Amino acid sequence: MNAQTPSSAASRLTGALLAPVRYLAGIIDLPLRGLQKVTGLTGMASFFLLPNMAIFTIFVLLPLIMNVIYSMTGGTAIFLDSRTFVGAEQYSRLLDCGSYLDSGTCAEDRFWIATSNTAWFVLLQVPLLLVVALVTALVLNRELKARSFWRAVFFFPVLLSPVVVGLIWRWILQRQGLLNLMLFETVGAQPHTWLTDRFWAFAAAIGVSIWAHVGFYALILLAGLQAIPKDIYEAAEMDGTRPSRVFWRITLPLLMPNLLVVLVLALIRAVQVFDEVYVLTGGGPGTSTMYLIQYIFETGFASQLRNPGLAAAASILMGLVLVVLTLVQLGISRTNERKGQR
Amino acid sequence: MKTFLLSTIAASLMSTTAFAGDVRIMWYSDGVEGEVLQDLMGRFMKDNPDIKVTIDNVSYSNIREQLPVQLAAGEGPDIARVTDLKALSQHWLDLTPHIKDAKYWQDNYGAQADWMRPDGSSAITGFMTQVTLTGGFANKTLFDQAGVPIPDAKASWDDWAAAAKKVADSQQVPYPLALDRSGHRLTGPAISHGANYIAADGKPAPLDQGGKDFITKFVGWNNDGISEKEVWVSAAGTTYRTAAEDFINGQVAYYYSGSWQIPNFATKIGDAFDWVATGSPCGPSACTGMPGGAGLVAVKYTKNPADVGKVMDFLASEPIAKEFAERTLFIPANKAVLAKELNFQTDNPQVKAALDVFVSSSATTSPEALKLPGWKWSDAYYSALVSRVSQAVAGELSLDDAFKRIDDDIAQKVKEAQ
């Protein structure tokens, strides 16, 4: 009896596992061939895209269209047939301001407070997140002891539900929380109300969101770092290039495509900030950490007398800002690609 | 084709059978009432094996924030325990054809029937599981230790603030007084200072001097560290926040909340410290608390109105209402139950004394306060109050701007709702 080689055993196993797939492919092969005869090759491409397009239409396009329609209606009813057409009234209410730099002069001041808070959040959180993610990726890319463990540690918060993240940090930062206890035990500091102090609540919102998401972005950058050919670094080392010059002249330029992806994703996510901050601060103190999504949520759903039309109009305006931001990012990305090709 | 049709009919019949007899109750608890209801429903299902009652225990914020959205979409539970009774009254089922004796309901629950039906309607939509009154609680142990006498029933808000401050300073307690983050909770003191929310045409009146006076005082207390600022600034918008846990933990000398906290305190404070209910402090115009309570209402989108009627009949019946009140330590709404002696199931003398205080305080409830639970625009007013006063407390709005915004918000809500 011949001894079975590992490769033949593996190919047998693969064959056995693929058998049902082949059987199913055989069943659908005939009708698909018939369909191809009727539609041609281009038609088949459309046919295979159809499920994806159907999902996109049902879950993205239709809600988007409905949102636009809702934004042009008034009243507190949910169903469209019970709502009255008000044209651009909701938009004009949102945009009715004496000065856009002073929310107090706006008819819907809370929208502009939320917009301003979101803008500040994006301006501060995104660059900080990029730096922290880059540093984390650079550290994790080095030859560390237990490197996989450290990678898992940094990625772990990404796996947590935003509600859990918010609750954990609230437990740490509340008046009788872990941080105050540690400060009292170590330096005898009196308890501080971190989450009801405007500065610290804003800082906590930024810090917690970075903590929660940095692992994901660091992973993208880490993949980019590992894709940079080693021989470039070896050549630089042979030339005696300083490490800082290696970073600015080799690592950063070659990592730029990944950094752009991270920037776009982080920017979009920052504009959409809501869940963990909502659980952490509730939008307070006052409205200092109330961001656009919370404004939309409370206006449309959470307040006792809801205004879905106003919420829809606010979400359309926010969507437009996101579209503009994405187009700018794409423009920069394409310009960089062209430069790279030259 | 015939087989297909038959199987479709059979399947739809089966699904109808699955729905019949199912009654879903959305319930929130302040104390032990969820457990009491579970027990009562267990007994009901034993006597009515064809009806399956499911209780969804949810948080109060779910009732306030998610139930209205479900109802607006024509969905929701069959029965719900709700405090926002009037504003949602278009969603309640008229139980009249589904209950055994409509006269019994009118005789015993008629006093609050208007709170839970649209204006001008005579529908029977549910009953109050308890009636409540806002009022204060003092940490007696802290007052005694500080040697500060507890202010009497005629004491003003200023007297209470001064006494609570003395206690907090003496006992190193972080907060002299606390008020829940709620427009309803602000309203009793505001009325005591002369506020009246209802204009001559029944629509919301602009915030008057009485309301402004108390809000000015309250914001000042927050800035001076007399009132617990954290409760009011800990959220944006209309989110409800209670200071009950801080009172339970001995962090507050004087807490203004309401009678529904009694069972909560009985359970959680135990013998950690002595506490007393104090009624509502006085303002220049009155010494009123705000009446209210939670009602159990049937939802008109139910598929089983007859079964819902049976469940409601059972829970509203005199012996069950009496047992519910005695076990939950709630003040009952049922007239027949109130007329008889109640044997509240507690050995805690503080609880009995507190219940007595709230019953006697109800005599000083002002007519303006009594109108609000059945007034359509109460929630529009409360929402504007809580949202803008908390911004003033956080220092984001001046008092004048907050008053203007309160009027604008209410006007906008009225406009949207019409």
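## A tour from helix H11 of chain A

Start by selecting helix H11 (residues 292-302) of chain A: ten of its eleven residues are buried, so the helix is largely enclosed by the rest of the structure. Buried means that 20 or more other C-beta atoms lie within 10 Å of the residue's own; 12 or fewer makes a residue exposed, anything in between partly exposed, and C-beta atoms are placed from the backbone. Helices (H or I, at least four residues) and strands (E, at least two) are DSSP runs, numbered from the N terminus. Among the buried residues of H11(A) are A:Leu292, A:Tyr295, A:Phe297, A:Glu298 and A:Ala302.

This is a predicted model, in which local features need pLDDT of at least 70 and side-chain atom pairs count only at pLDDT 80 or more, while totals for chains, interfaces and linings use all residues. Residues are numbered from 1 along each chain as its sequence is written, and chains are lettered from A and ligands numbered from 1 in the order in which they are written.

**Stop 1: where the chains meet**

Show both chains. 25 residues of chain A are in contact with 27 residues of chain B; contact means C-beta atoms, placed from the backbone, within 7 Å. On the chain A side, H11(A) gives the most, with four residues. That side has eight nonpolar, 15 polar and two charged residues. Here Ala, Val, Leu, Ile, Met, Phe, Trp, Tyr, Cys and Pro count as nonpolar, Asp, Glu, Lys and Arg as charged, and the others, Gly among them, as polar.

Now pick B:Glu65, in helix H3 of chain B. What does B:Glu65 touch, not counting residues up to four places away in sequence? Its partners are A:Phe301 and A:Ala302. B:Glu65 has 20 other C-beta atoms within 10 Å, so it is buried. Add B:Thr239: this residue is 174 residues away along the chain, yet the two C-alpha atoms are separated by 9.0 Å.

The predictor gives the complex an ipTM of 0.79 and a pTM of 0.82.

**Stop 2: chain A as a whole**

Hide chain B. Chain A has twelve helices and two strands. From the N terminus, one α element comes before the two β elements, and the rest of the run is α. Along the principal axes, its C-alpha atoms fill a box of roughly 85 × 65 × 50 Å. The radius of gyration of chain A is 27 Å, where a compact globule of 342 residues would have one near 20 Å. That radius is taken over C-alpha atoms, and the globule rule is 2.2 Å times the number of residues to the power 0.38. Buried residues make up 30% of the chain's 342 residues.

Zoom to A:Pro285, in the loop between helix H10 (275-281) and H11 of chain A. A cis peptide bond joins A:Gly284 to A:Pro285, with omega about 0 degrees. Next, go to A:Ala146, in the loop between helix H3 (109-140) and helix H4 (147-159) of chain A. A:Ala146 is not a glycine, yet its phi is positive, about 55 degrees. It has 9 C-beta neighbours inside 10 Å, so it counts as exposed. Most residues other than glycine have a negative phi, and most peptide bonds are trans.

**Stop 3: the two domains of chain B**

Bring back chain B and colour it by domain. Domain 1 covers 2-131 + 293-339, and domain 2 covers 132-291 + 350-417; these bounds come from an automatic or database domain assignment. Their C-alpha centres lie 30 Å apart. 18 residues of domain 1 are in contact with 20 residues of domain 2. Helix H3 (60-65) and strand S4 (126-139) of chain B each supply at least two residues of the domain 1 side. H3(B) gives the most, with three.

**Stop 4: the cores**

Select B:Ile79, B:Leu177, B:Ala253 and B:Val297. Of the 122 residues in the largest nonpolar core, these touch the most other members. A nonpolar core is a set of buried Ala, Val, Leu, Ile, Met, Phe, Trp, Tyr and Cys residues joined through C-beta atoms within 7 Å. Helix H18 (residues 378-393) of chain B gives the most to this core, with nine residues. Both domains of chain B give residues to the core, so it lies between them. Apart from it lies another core, of 59 residues, including A:Ile113 and A:Met318.

**Last stop: confidence**

Colour chain B by pLDDT, the predictor's confidence in each residue, from 0 to 100. The mean is 91, and 95% of the residues reach 70 or more. Over residues 1-18 the pLDDT is below 50, and this stretch has zero contacts in the model beyond near neighbours in sequence.

Technical notes. Contact = placed C-beta atoms within 7 Å.
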